[in-house]
Amino acid sequence: MRVTEKHLRDEVFNRCIEFLDVTLHFILHIEQIYSKDLFEKRLKYNQIVYECQDVDVQNYISEFLNQIKVLFRKQLVDQIAFVMTTRCEEDILRRYLIELHPILEHSSSTIHTNGSTLLAELDSNFSACLIELMRQTPISPPSLSTETEIEENDLHWKLQMRLCHHDNNKFEIDDTFYEQFKLTTNSQLSLKQLKSTHAQRLHVQLMCQENKTER
């Protein structure tokens, strides 16, 4: 498959967004946040994955990815986070970090004669990350003694992103969206790397953070 750099570039970013969609749904299934009845089995990257069929969940993830798509194409977003908290959003129990670094040619007119091989490498990277996620043990809120405490500390989840400046150029982003989804720092979280994969067109880092005080 012969492709120009411009077309390959579009395909790399599209596949990255698709991978984020698959991974976020898969984390929901692995963490058992919702009933298994809400998930539909799919085959992706030669792996069995699960997609949540709840309409509100699908809309939330889709709207988030649509918002970051333009920023990601401009390489202004490099990290996506899936965050699990208690009812108090500051109380983070676990946070998955997905870091994507597309490697692109400067010239958009370059012709590639092995486009299918380059794209197959992306799928291999994505598959390796999903395999590592399968090894994760679900987290649950701390054991509590009263119904009131359980209600107040129920498990919640949300998405975050990290913005990065490209060549120190200024860029525009909706302030409301950024404030809602910006990646927050937390000194109480311990970081471990789950998977690091590298291909000709993409570097992927899959990491997990957990609350030091709870583990």
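This passage describes a sheet, a helix pair and a cavity in a predicted model.

The strands are considered first. Five strands form an open sheet in the order 7-4-5-9-8, and their pairing is antiparallel. Strand 7, residues 156–163, and strand 8 lie at the edges of the sheet. Each of these two has a single partner strand, so one side of each is left without a neighbour in the sheet. From one strand to the next, the twist averages 15°.

At one end of the strand order, strand 7 pairs with strand 4. The two run in the antiparallel sense and are joined over eight bridges. Within this pair, Val83 stands opposite Lys158, a residue of strand 7. At the other end of the order, strand 8 is followed inward by strand 9. Strand 8 spans residues 189–198 and strand 9 spans residues 202–211; nine bridges join them, and they run antiparallel. The connection between strand 8 and strand 9 is a hairpin of three residues. Across this pair, Lys195 faces Leu206, which belongs to strand 9.

Helix packing was examined for helix 1 and helix 3. Helix 1 covers residues 5–30 and helix 3 covers residues 115–133. The two pack with their axes 11 Å apart and at an angle of about 15°. Angles under 35 degrees count as roughly parallel, and helix 1 is therefore roughly parallel to helix 3. The crossing of helix 1 and helix 3 is right-handed.

The search for internal space covered the whole structure and found one cavity of 30 Å³ or more. The largest cavity holds about 30 Å³ of space. Its lining is made up of Leu20, Ile68, Phe72, Val77, Asp78, Gln79, Ile80, Ile98 and Leu100. Two or more residues of this lining are given by each of helix 2 (55–73), strand 4 (77–85) and strand 5 (92–102). Strand 4 supplies the largest share of the lining, with four residues. By residue class, the lining of the largest cavity divides into seven nonpolar residues, one polar residue and one charged residue.

Strand 4 thus appears in two parts of this description. In the sheet, strand 4 pairs with strand 7, and at the largest cavity strand 4 gives four residues to the lining. Strand 5 likewise has a place in the order of the sheet and gives two or more residues to the lining of the largest cavity.

Methods: Residues are numbered from 1 along each chain as its sequence is written. This is a predicted model: local features need pLDDT of at least 70, side-chain atom pairs count only at pLDDT 80 or more; totals for chains, interfaces and linings use all residues. Side-chain values use heavy atoms; hydrogens and water are left out. On a 1 Å grid over the protein atoms alone, a cavity is a set of points where a 1.4 Å probe fits but cannot get out, and a pocket is an open set with protein on both sides within 12 Å along at least five of seven lines; lining residues have an atom within 4 Å of a point. Grid points are joined across faces, edges and corners, and a volume is the space filled by probe spheres set on the points. Ala, Val, Leu, Ile, Met, Phe, Trp, Tyr, Cys and Pro count as nonpolar, Asp, Glu, Lys and Arg as charged, and the others, Gly among them, as polar. Two strands pair if DSSP finds at least two bridges between them. Axes are lines fitted to C-alpha atoms, for helices over the stretch in contact, and angles run from 0 to 180 degrees between N-to-C directions. Angles under 35 degrees count as roughly parallel, over 145 as roughly antiparallel, 65 to 115 as roughly perpendicular and the rest as oblique. A crossing is left-handed if the near helix is turned anticlockwise from the far one by less than a right angle, and right-handed if clockwise.
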